[in-house]
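Hi there,

Here is the structure I promised to pass on. Have a look at it first, and then read my notes underneath.

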Amino acid sequence: MADDDGQYLYRAEGAEQLLVRRLDDLTLIYHRRSGLTHMVTAPVPEILTAMGGDALSALQILSRLSDRFDLAVEDEGSQFAVIAARLEELAGLGLVERL
């Protein structure tokens, strides 16, 4: 499924399936469904938090992150690319679903 801009939509695994613990700069995410623990760094935890339970595109997630953090406007293209790449990685891990 794609949004109006033709981008893929992603939905994060439900909060009941993820156990998240921060350790300094690392975040551990235990995925109950798979039984795997993933070690991640920024911006992965921030992306998952921004998604909540909503189906969102990378551009919509960037907008939500921009509301929470002071992101440089001139870097928007590279920020979008990072978020899109992380979403594909998270989909490969089963932590988000590409719709």
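Below is what I found, going from the whole chain to one residue and then to a pair of helices.

Please keep in mind that this is a predicted model. The protein chain contains three helices and six strands, and these follow one another along the sequence as β-β-β-β-α-β-α-α-β. Of the 99 residues in the protein chain, 32% are buried. About 6,000 Å² of the protein chain is exposed, with carbon and sulfur atoms supplying 51% of that area. Among contacts with a separation of 6 or more, 48% are between residues 24 or more positions apart.

One residue I looked at is A58, which lies in helix 2 (residues 58-68). Why is A58 counted as buried? Its relative accessibility is 4%, and the cut-off for buried is under 20%. Setting aside neighbours within four places in sequence, A58 is in contact with Q7, Y8, F80, I83, A84 and L87. V82 is 24 residues from A58 along the chain, and their C-alpha atoms are 9.3 Å apart.

Helix 2 also meets helix 1 (residues 44-51): their axes come within 9 Å and cross at roughly 100°. That crossing makes the two helices, 1 and 2, roughly perpendicular. On the helix 1 side, the contact is made by E46, I47, T49, A50 and M51, while helix 2 brings I61, R64, L65 and R68. By type, the residues of this contact are five nonpolar, one polar and three charged.

Happy to talk it over whenever suits you.

Best wishes

Technical notes. Residues numbered from 1 in each chain as written. Predicted model: local features only at pLDDT ≥ 70, side-chain atom pairs only at ≥ 80, totals over all residues. Heavy atoms only, no water. Helix = DSSP H or I, 4+ residues; strand = E, 2+ residues; numbered from the N terminus. Buried < 20%, exposed > 50% of the residue type's maximum accessible area, 1.4 Å probe, protein only. Contact = heavy atoms within 4.5 Å. Areas by Shrake-Rupley, 256 points an atom, 1.4 Å probe, with all protein chains shown as cover. Axes fitted to C-alpha atoms, helices over the stretch in contact; angles between N-to-C directions. Parallel < 35°, antiparallel > 145°, perpendicular 65-115°, else oblique. Nonpolar A, V, L, I, M, F, W, Y, C, P; charged D, E, K, R; others polar.
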